[in-house]
Amino acid sequence: MPSNKSVSDAPIVQFTNCRILRSHRLQREDLWVREGKILNPEKLFFDEKGSADIQLDCKDSIIAPGFIDVQINGGFGVDFSLATDDFKSGIDLVSQKILSHGVTSFCPTLVTSPPSVYHQVLPQISIRNGGAHGAGILGAHLEGPFISKEKKGAHPEHCLRTFEAGAFQDLLATYGSLDCVRIVTLAPEMKRSSEVIRELTKRGICVSLGHSVANLSQAEEAVQHGATFITHLFNAMLPFHHRDPGIVGLLTSDKIPAGRRVFYGMISDGIHTNPAALRIAHRAHPKGLVLVTDAIAGMGLAPGRHTLGQQVVEIDGLNTYIAGTKTLSGSVATMDTCVRHFQEATGCSVETALEAASLHPAQLLGIEHKKGTLNYDSDADFLMLNDGLYVQATYIAGEEVWRQDELGM
């Protein structure tokens with residue numbers, strides 16, 4: 001049957017012999033793509049009388065939405081918290097390299113830094129679509145400097161700040177601009193944090209709670225003012241206590257406004273959280289779990305000394321510490337590794353593991369109508385994976401941007 005070109009001249013690609021992750025389950029059907037979007041085959045057949053121009057045999061692969069990493073500090077020798085003359089080429093390198101790990105969109109993350117670093121780096125981050133050049137950039141994640149000294153983790157204490165009288169103006173002066181900012185991590189127990197949370201939320205910026213000694217009622221109040229995310233649950237916050245579970249208690253709180261969901265990031269690398277803690281969180285609130293790498297410049301490099309913003313860190317196997325201490329400082333895990341570890345540690349379904357790295361981060365950022373799913377009319381950003389959840393190929397806007405058998409990738 002010839003294609004009806006009245007709607008579009010663009011070629012229609014039909015991916016056959018695959019299992020597609022759609023509506024929370026793997027379904028044995030074909031995937032149809034045109035002009036970077038996923039097509040509804042029924043409309044194509046019956047309204048357009050169209051058919052495929054190209055058929056690709058997926059050899060029984062799983063097809064899943066591309067992964068979205070909302071917390072990644074760098075990788076492959078590039079540190080997003082370092083103001084350098086070639087910052088743009090660094091971010092380009094990371095966005096290219098993470099394609100092989102299934103990441104099709106990400107939020108470059110800056111750890112606590114002096115104002116001069118934000119002023120230099122943020123104007124160099126531009127929100128852009130992904131493609132052969134690399135994963136798309138959804139906007140920056142600013143983790144700090146408005147965080148707790150007691151739970152600073154790998155953040156440099158001399159750069160930490162509190163909110164002064166003109167709290168939101170203070171934040172604006174620190175960052176310089178919010179044009180490309182998508183997420184801000186702050187400690188909700190800080191004085192005047194409520195007005196800051198309200199102002200950020202009003203501007204469509206996601207507020208995340210982390211590096212904090214907040215009790216549960218302070219965390220609940222922050223959510224009532226608009227916070228929707230928890231930065232790397234369990235890490236850099238008060239440990240769970242049965243009389244006051246702290247931020248962790250948000251997972252089962254009955255004070256969350258109706259119709260709202262609290263999401264929480266987890267670094268599923270086998271180091272930052274014990275598998276039992278991962279299981280507890282997942283069983284308590286499965287629909288809120290967002291896998292993040294929290295990867296640092298040393299991801300993809302040999303063990304040794306690397307940077308994380310103002311600090312020197314040491315990589316020893318999969319452990320990353322502030323040099324000379326046993327303070328964990330980000331991870332060197334890749335997103336596909338985190339997905340596999342999460343599935344293995346929790347015994348969850350393949351679908352659940354894949355959605356924690358795709359659908360949930362898209363829902364967190366309010367972009368699930370175009371990313372994080374393979375619904376009709378959404379962006380054709382997807383992965384081919386084998387049954388072991390190893391990435392075989394990565395597609396952005398329906399174009400292959402990485403394949404396993406390519407040499408030198």
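**Figure 1. Two domains make up this chain, with domain 1 covering 13-64 + 373-403 and domain 2 covering 66-365.** Welcome to a predicted model, shown here as a set of close-ups. Domain 1 is built from two stretches of sequence, 13-64 and 373-403, while domain 2 is given as the single range 66-365. Taken over C-alpha atoms, the centres of domain 1 and domain 2 are 30 Å apart.

**Figure 2. Domain 1 and domain 2 meet through 20 residues of domain 1 and 22 residues of domain 2.** Between them, about 1700 Å² of area is buried, and carbon and sulfur atoms give 72% of that area. What about charge pairing and polar contacts? The rule finds 0 salt bridges across this interface. Polar contact, on the other hand, links 5 residue pairs between domain 1 and domain 2, counting pairs with both residues at pLDDT 80 or more.

**Figure 3. A closer look at the side of domain 1 that touches domain 2 shows several strands taking part.** At least two residues each come from β2 (25-28), β5 (54-65), β20 (382-385), β21 (391-396) and β22 (399-403). Which of these gives the most to this side of domain 1? That is β21, with 4 residues. Sorted by class, this side of domain 1 has 14 nonpolar residues, joined by 4 polar and 2 charged ones.

**Figure 4. Residues 62-401 carry a UniProt annotation, "domain: Amidohydrolase-related".** The annotation comes from an unreviewed UniProt entry, so please read the label as the record's own. In the model, this span is 24% helix and 22% strand. Its two end C-alpha atoms lie 17 Å apart.

**Figure 5. A cis peptide bond joins G144 to P145.** Those of you who like to check backbone torsions will find omega near 5° for this bond. Where does P145 sit? P145 is in the loop between β11 (140-143) and α4 (167-175).

**Figure 6. S23 has a positive phi without being a glycine.** The phi value of S23 is about 55°. This residue belongs to the loop between β1 (13-22) and β2. The strand β2, at 25-28, also appears in Figure 3, where β2 supplies at least two residues to the side of domain 1 that touches domain 2.

How values were computed. Residues are numbered from 1 along each chain as its sequence is written. This is a predicted model: local features need pLDDT of at least 70, side-chain atom pairs count only at pLDDT 80 or more; totals for chains, interfaces and linings use all residues. Side-chain values use heavy atoms; hydrogens and water are left out. Domain bounds come from an automatic or database domain assignment. Contact means heavy atoms within 4.5 Å. Buried area is the accessible area (1.4 Å probe) that two parts lose on being put together, summed over both. A salt bridge is a side-chain nitrogen of Lys or Arg within 4 Å of a carboxyl oxygen of Asp or Glu. A polar contact is a pair of N or O atoms within 3.5 Å; within protein, one must be able to donate a hydrogen and the other to accept it, and residues adjacent in sequence count only if both atoms are side-chain atoms. Ala, Val, Leu, Ile, Met, Phe, Trp, Tyr, Cys and Pro count as nonpolar, Asp, Glu, Lys and Arg as charged, and the others, Gly among them, as polar.
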